[in-house]
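Thanks for making the time this morning; I would like to walk through one model with you, going from a single residue outward to the packing around it.

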Amino acid sequence: MKKILFGVVVGICLPLLAGYLFVVSGGMPVATKGPPLPLEKFLAHKALAAAIGTEASKPSPLPADEPNLLAGAHVYQAQCAVCHGHLGQTESAIAAGMFPHPPQLLPPKKGVTDDDVGETYWKVKNGIRLTGMPGYGSCLSDNEMWQVSLLLLHADKLPDSAVAVLRKP
Ligand code: HEC
């Protein structure tokens with residue numbers, strides 16, 4: 001019985017000690033340059049998908065008409081373009097220096113045009129911890145968050161008025 005208990009304690013403590021030594025010896029990457037840790041992306045995506053859950057299928061309470069897409073373009077320019085890119089321009093220095101890298105969300109990139117609008121809304125509202133993606137739930141109105149989510153869903157087929165706003169530097 002004692003032997004089993006000893007085995008269990010060692011089995012728990014050794015991995016914890018190894019993890020601690022890995023961190024304090026500088027093994028853990030903390031700079032933005034460099035590859036992700038093994039399984040880091042996989043686990044982060046699984047955790048995010050689990051947190052969003054059924055909220056992803058929430059439909060937009062607003063229609064994807066021109067006034068809403070235009071309003072979404074203004075929100076995007078003011079709040080998102082610095083990281084996710086201006087239309088027709090190269091990535092900003094801020095975006096290039098971040099880890100994880102903020103995906104460019106406007107054409108010619110596919111962005112999130114194939115994600116559910118409810119999923120994008122969730123990310124805009126809550127943010128994604130430890131990535132640099134801010135949560136806007138306390139500074140944008142619900143309408144503004146849906147409008148920018150609709151804009152990103154329809155990023156490949158926007159009215160000219162919204163495209164003109166997104167082209168501004
Ligand atoms: C300071 C930089 C920054 C700003 C500003 C920012 N984001 Fe992000 N965003 C990120 C990063 C970094 C990620 C990648 C997170 C990850 O890898 O999980 C991200 C991820 C996302 C995603 C998920 C993309 C995907 O492929 O699944 C969406 C959608 C998004 N952001 C929308 C927005 C919107 C809309 C705004 C403005 C209201 C915004 N972001 C503002 C940094 C930013």
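Is alanine 56 buried or exposed? Alanine 56 is buried, with a relative accessible area of 13%, where buried means under 20% and exposed over 50%, with a 1.4 Å probe and protein chains only. Before going on, I should say that this is a predicted model, in which local features need pLDDT of at least 70 and side-chain atom pairs count only at pLDDT 80 or more, while totals for chains, interfaces and linings use all residues. Residues are numbered from 1 along each chain as its sequence is written, and side-chain values use heavy atoms, with hydrogens and water left out.

Alanine 56 sits in the loop between helix 2 (40-52) and helix 3, helices being DSSP runs of H or I with at least four residues, numbered from the N terminus. Leaving aside residues up to four places away in sequence, alanine 56 touches Asp116, Gly118 and Glu119, contact meaning heavy atoms within 4.5 Å.

Gly118 also belongs to the part of helix 6 that meets helix 7. Helix 6 (residues 117-126) and helix 7 (residues 142-153) pack at about 130°, with axes 9 Å apart, the axes being lines fitted to C-alpha atoms over the stretch in contact and the angles running from 0 to 180 degrees between N-to-C directions. The two helices are therefore oblique to each other, that is, outside the ranges under 35, 65 to 115 and over 145 degrees.

Finally, the largest nonpolar core has 27 residues, joined through side-chain atoms within 4.5 Å and each of them buried, and helix 7 gives the largest share of this core, six residues.
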